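Student: I would like to learn how to read the arrangement of two chain copies and the contact between them. Could we work through an example together?

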Number of protein chains: 2
Amino acid sequence: MSVDTAEPSEFSPRQNAVLEQALQLLVDGGEKALTTSGVARAANCSKESLYKWFGDRDGLLSAMIAYQASKVRTFERNGERLTAASLHDHVVIFARDLLEVLAGDVSLALNRLAIGQSNRDGSKLGKLLLERGRRQIDRRAMALIDAGKRAGLLRFSDADEAYHTLYGLVVSDLHVRMLLGEPGLKDTARQAERAVTAFLRLYGTDKVLAEMPVLG
Amino acid sequence: MSVDTAEPSEFSPRQNAVLEQALQLLVDGGEKALTTSGVARAANCSKESLYKWFGDRDGLLSAMIAYQASKVRTFERNGERLTAASLHDHVVIFARDLLEVLAGDVSLALNRLAIGQSNRDGSKLGKLLLERGRRQIDRRAMALIDAGKRAGLLRFSDADEAYHTLYGLVVSDLHVRMLLGEPGLKDTARQAERAVTAFLRLYGTDKVLAEMPVLG
DNA sequence: CACGAACCGTACCGTACGGTACGTATATGG
DNA sequence: CCATATACGTACCGTACGGTACGGTTCGTG
């Protein structure tokens with residue numbers, strides 16, 4: 001059974017279309033290109049409507065984050081019988097999805113935007129991005145490694161710690177490098193495989209380790 | 001023997017003082033506070049001098065990064081006889097230093113600045129920050145794990161891969177979270193210890209593993 | 001049809017920034 | 001003592017942005 005987890009959209013279809021245009025503008029030209037006049041022009045709406053709907057520029061930015069987060073859906077697989085092989089495969093898929101999400105145009109643009117604003121006092125954009133943007137992927141990963149533990153395939157005392165270890169193994173400094181403008185990996189599949197191998201070597205029980213190659 | 005690695009400073013003492021003030025301004029108020037007029041006022045110099053010395057605003061930002069990088073010094077320990085215990089200790093110290101550097105006010109402010117500019121075409125700030133800011137710490141880590149390999153304590157085929165694994169284990173998503181405004185860790189020492197334990201479990205030879213606790 | 005609400009397009013305002021120009025002071029060197 | 005270079009402080013300019021106001025248009029509803 002798969003459970004679809006998504007937020008109900010908080011904005012009208014018209015507003016969603018405007019937010020979509022705003023995101024496109026942000027991806028193409030960066031924050032400097034994201035002016036209220038520019039958004040209004042690109043979305044064929046008036047500035048007055050923008051301010052009526054979103055309050056001010058910060059409200060628009062928050063709405064963009066919320067809208068983008070509402071588009072992301074994950075499927076938590078429950079009740080599936082996990083074996084060492086299927087656990088490995090699921091974690092690899094998770095790792096590749098994670099890398100793909102982090103390398104996405106919109107994700108990078110929104111993270112750059114929030115980071116650029118995070119020095120100002122109480123900008124809340126960073127907090128919003130972390131809560132709304134990562135909750136889905138965090139829940140998916142936690143459910144997966146919890147299932148691995150229940151199936152006797154993984155061994156850890158602190159699930160959060162195990163998850164952060166997996167995250168670090170998968171992403172390393174790649175996210176920051178991409179945020180700084182470096183091109184992404186050429187071979188994400190290999191990176192995902194490497195990370196999962198290391199993760200299972202650290203947290204796998206004998207049932208898992210028995211099926212792994214002896215050397216890294 | 002310790003080898004001091006540092007860059008010769010490229011600016012006059014007066015210019016360094018101005019850059020120091022600019023960094024302080026950036027740390028305190030973020031990029032928005034870093035105006036040419038503000039820097040001139042804070043540093044008691046004229047805007048004309050700023051433009052004469054650094055060309056334009058981007059030149060000033062680049063100079064700030066170069067200046068900050070020139071202040072960082074690392075000591076590469078060569079020729080030291082490594083044991084399992086001393087390797088462990090050195091890697092832990094490296095991990096704690098890394099976390100401390102990444103959590104520093106100036107580092108976070110400069111990373112935020114470069115990331116905020118990295119969407120604009122050819123802003124080069126991100127590239128500059130990666131090359132100048134990380135070269136020292138990368139070299140120190142590579143020298144350390146290479147020494148570990150030569151001493152028969154570490155086992156890997158690709159040193160770069162091993163280093164990135166260590167980096168990911170130490171930092172995980174902490175850097176991005178801090179860039180987004182989240183407070184840093186309360187206990188960096190524990191995080192460093194955990195990461196190094198995992199790293200040695202993955203890359204340590206039997207000589208190292210024999211001295212480690214059996215369970216995570 | 002009539003009325004009102006929502007909305008578009010545009011024009012407008014105040015402000016603040018990047019960058020330039022100018023008059024003055026300080027120091028260095030002959 | 002003068003000449004030259006360097007740099008300070010201020011004033012200035014053009015531009016562009018966030019935010020507001022207003023007239024005209026569409027559209028749903030009684």
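The dialogue below takes up the symmetry, the contact and one annotated region.

Tutor: This is a predicted model, in which local features need pLDDT of at least 70 and side-chain atom pairs count only at pLDDT 80 or more, whereas totals for chains, interfaces and linings use all residues. Residues are numbered from 1 along each chain as its sequence is written, while chains are lettered from A and ligands numbered from 1 in the order in which they are written.

Student: By what turn and what shift can chain B be laid on chain A?

Tutor: Two copies of a chain are related by a rotation about an axis and a shift along it. Here a turn of 180° with a shift of 0.0 Å along the axis lays chain B on chain A with an RMSD of 0.1 Å, the superposition being by least squares on the C-alpha atoms of residues with pLDDT of at least 70 in both copies. The two copies are thus related as by a two-fold rotation axis.

Student: Which residue of chain B comes closest to the rotation axis?

Tutor: That is B:Gly168, whose C-alpha lies at 2.1 Å from the axis.

Student: How many residues does each chain give to the contact?

Tutor: Counting two residues as in contact if their C-beta atoms, placed from the backbone, lie within 7 Å, the contact takes 34 residues from chain B and 34 residues from chain A. The largest share of chain B's side, six residues, comes from H8(B), where helices are DSSP runs (H or I, at least four residues) numbered from the N terminus.

Student: Where does UniProt place the "DNA-binding region"?

Tutor: The unreviewed UniProt entry places this feature at residues 35-54 of chain A, although annotations may be inferred rather than shown by experiment. Over residues 35-54 chain A is 80% helix and 0% strand, strands being DSSP runs of E with at least two residues.
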